[in-house]
Amino acid sequence: MQFNQMDIAELKPELERLHSTSFGWALSCCRRDASDAEEVLQTVYLKILEGKARFRGESSLKTWLFAVIRKTAATEYRRKLLRGLHLLPEFDEPKERIAPEESPTETFERSELQNHFQSALKNLPKRQREALHLVFYEDLSLREAADVMGVSIGSARQHYDRGKKRLRESLEQEIAYGIRWRGKENPGIVS
């Protein structure tokens with residue numbers, strides 16, 4: 001499906017359908033800064049509606065849209081740096097909601113596990129983090145992720161495989177450290 005100025009009415013429902021996943025990807029590209037992600041997404045929508053970004057049907061609409069979001073986020077980030085704003089946005093942890101059937105201990109353990117996972121994910125190199133996000137959270141194939149990232153399929157596969165390996169190692173190390181630390185902290189504790 002290819003869109004031009006006459007097809008805006010046809011494009012709008014597709015953009016609306018992809019909005020929540022597009023925002024999730026924009027968040028990832030903007031290092032979890034919601035206001036930057038909103039700005040990037042608005043800029044992307046304007047580019048599309050003004051015809052500055054055109055879908056040519058060489059990939060799926062979602063893959064093309066994610067590539068436009070990624071490139072726009074990178075451009076906006078460079079602009080901020082050039083303006084002298086050398087501050088990196090802080091990583092906002094998602095707000096936890098306690099399910100009524102969960103005990104406080106279960107909620108704490110779940111939040112600790114999520115914190116370990118988010119921390120490990122945040123510490124991955126950018127390309128590895130992008131590849132994992134696109135495949136796991138956005139349900140793209142490696143081919144589509146490669147198109148979004150602007151790299152070859154082999155490179156995307158390598159980033160994906162290395163990212164999974166580093167994430168697994170990081171989580172195993174953090175969890176093992178946490179268990180050893182708790183044991184030392186409370187040597188008299190009975191399990």
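**Figure 1. Leu49 sits in helix α2, which covers residues 34-49.** This is a predicted model, and our tour of it opens with one leucine. With a relative accessible area of 41%, Leu49 is partly exposed, because that value falls between the 20% limit for buried and the 50% limit for exposed. Look for Asp7 in this view as well: 42 residues separate Asp7 from Leu49 in the sequence, while their C-alpha atoms are 10.0 Å apart in space. Leu49 also belongs to the set of α2 residues that meet α1, and that contact has a view of its own below.

**Figure 2. The whole chain, for orientation, is built with seven helices and zero strands.** Before going closer, it helps to have the overall layout in mind. Followed along the sequence, the elements read α-α-α-α-α-α-α. The chain has 191 residues, and 35% of them are buried. How much of the contact at a separation of 6 or more comes from residues 24 or more positions apart? Such pairs account for 65% of those contacts. The accessible surface of the chain is about 12,600 Å², and carbon and sulfur atoms contribute 53% of that area.

**Figure 3. Helices α1 and α2 pack with their axes within 10 Å.** Here the two axes cross at roughly 155°. The angle is over 145 degrees, so α1 and α2 are roughly antiparallel to each other. The crossing of α1 with α2 is right-handed. On the α1 side, the residues in contact are Ile8, Leu11, Leu15, His19, Ser22, Phe23, Ala26 and Leu27. Facing them from α2 are Ala34, Ala37, Glu38, Leu41, Tyr45, Ile48 and Leu49, the last of these being the residue from the opening view. What classes of residue make up this contact of α1 with α2? Twelve are nonpolar, two are polar and one is charged.

**Figure 4. Arg31 and Arg32 lie in the loop between α1 and α2.** This view moves to the link between the two helices just described. Most residues other than glycine have a negative phi. Arg31, though not a glycine, has a positive phi near 50°. Arg32 is not a glycine either, and its phi is positive too, at about 70°. Are these arginines buried, exposed or partly exposed? Arg31 has a relative accessibility of 32%, so Arg31 counts as partly exposed. Arg32 is at 29%, and therefore Arg32 counts as partly exposed as well.

**Figure 5. Helix α1 (residues 8-29) also packs with helix α5 (residues 126-137).** The axes of these two helices come within 11 Å, with a crossing angle of roughly 165°. That angle is over 145 degrees, which means α1 is roughly antiparallel to α5. The crossing of α1 and α5 is right-handed. From α1, the contact uses Gly24, Trp25 and Ser28, and from α5 it uses Glu130, His133 and Leu134. Sorted by class, this contact of α1 with α5 holds two nonpolar, three polar and one charged residues.

**Figure 6. Helix α5 packs with helix α6 (residues 142-149), their axes 9 Å apart.** Stay with α5 and turn to another of its partners. The packing angle of α5 and α6 is about 130°. An angle of this size lies between 115 and 145 degrees, so α5 and α6 are oblique to each other. As they pass, α5 and α6 make a right-handed crossing. In α5, the residues to find are Arg127, Glu130, Ala131, Leu134 and Val135, and they meet Leu142, Ala145, Val148 and Met149 of α6. The contact of α5 with α6 counts seven nonpolar residues, no polar ones and two charged ones. Glu130 and Leu134 appear here and in the contact of α5 with α1.

**Figure 7. Thr63 is part of helix α3, residues 61-82.** Is this threonine buried or exposed? Its relative accessibility is 1%, under the 20% cut-off, so Thr63 counts as buried. Which residues does Thr63 touch, once those up to four places away in sequence are set aside? They are Leu140, Glu144, Asp147 and Val148. Val148 may be familiar from the previous view, where Val148 is one of the α6 residues that meet α5.

Note on methods
Residues numbered from 1 in each chain as written. Predicted model: local features only at pLDDT ≥ 70, side-chain atom pairs only at ≥ 80, totals over all residues. Heavy atoms only, no water. Helix = DSSP H or I, 4+ residues; strand = E, 2+ residues; numbered from the N terminus. Buried < 20%, exposed > 50% of the residue type's maximum accessible area, 1.4 Å probe, protein only. Contact = heavy atoms within 4.5 Å. Areas by Shrake-Rupley, 256 points an atom, 1.4 Å probe, with all protein chains shown as cover. Axes fitted to C-alpha atoms, helices over the stretch in contact; angles between N-to-C directions. Parallel < 35°, antiparallel > 145°, perpendicular 65-115°, else oblique. Left-handed = near helix turned anticlockwise from the far one by under 90°. Nonpolar A, V, L, I, M, F, W, Y, C, P; charged D, E, K, R; others polar.
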